[in-house]
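Ready for a little practice in reading a protein model? Have a look at the sequence and the structure, then work through the exercises at your own pace.

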Amino acid sequence: MLGQCGRPQIIFLHIAKTAGTSINRYLNIAIPGSAICHKSAEEFDDAEKCELEKFDIVQGHISKIHLKKMRDDRFVFTFLRNPVDRVS
């Protein structure tokens, strides 16, 4: 099932303190007209599969267990940061 944009569902796993807010903003601008879902981990816990499948982009503090609620045609990505960079 392809989304409204005709491409796989994009899932951004936001890990705290890794520029996730900037990535969220970029996705919102870069893919206009997309159905975007941004929830907290607790909200993903309560969300139903049928609710999340309709979104083109899903972003937030998602864990592996939440991915089962997303579409099968998905592209999942995240960013990591060197912890030393945060101290300097």
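Three exercises with worked solutions follow.

This is a predicted model, in which local features need pLDDT of at least 70 and side-chain atom pairs count only at pLDDT 80 or more, while totals for chains, interfaces and linings use all residues. Residues are numbered from 1 along each chain as its sequence is written, and side-chain values use heavy atoms, with hydrogens and water left out.

**Exercise 1. Trace the elements of the protein from the N terminus on.**

Step 1. Take helices (H or I, at least four residues) and strands (E, at least two) as DSSP runs, numbered from the N terminus.

Step 2. Tally them: the protein has five helices and four strands.

Step 3. Put them in order, which gives β-α-β-α-α-β-α-β-α.

Step 4. Now turn to contacts (heavy atoms within 4.5 Å). Of those between residues at least 6 apart in sequence, 56% join residues at least 24 apart.

**Exercise 2. Work out which residues of helix α1 are buried and which are exposed.**

Step 1. Set the cut-offs: buried means under 20% relative accessible area, exposed over 50%, and partly exposed in between (1.4 Å probe, protein chains only).

Step 2. Go along α1, residues 20-30, and you will find G20, I23, N24 and L27 buried. These residues lie on the same side of α1, because they cover an arc of only 105° around the axis, the arc being that of the directions from the helix axis to the C-beta atoms.

Step 3. Look at the other side of α1, where R25, Y26 and I29 are exposed.

Step 4. Ask what covers the buried residues: the cover includes β1 (9-13), β2, β3 (57-60) and β4 (74-77).

Step 5. Widen the view to the protein, where buried residues make up 39% of the 88 residues.

**Exercise 3. Find the salt bridges and describe the surroundings of their partners.**

Step 1. Apply the rule: a side-chain nitrogen of Lys or Arg within 4 Å of a carboxyl oxygen of Asp or Glu. The count is three.

Step 2. Start with K39 and E51, whose N-to-O distance is 3.1 Å. This pair links distant parts of the chain, with K39 in strand β2 (residues 36-39) and E51 in helix α3 (residues 49-52), 12 residues apart. K39 is buried at 18% relative accessibility, whereas E51 is partly exposed at 27%.

Step 3. Next, pair E53 with K49 at 3.4 Å between the closest N and O atoms. E53 is partly exposed at 22%, and K49 is partly exposed at 34%.

Step 4. Finish with R71 and D73, at 3.0 Å from N to O. R71 is buried at 2%, and D73 is buried at 17%.
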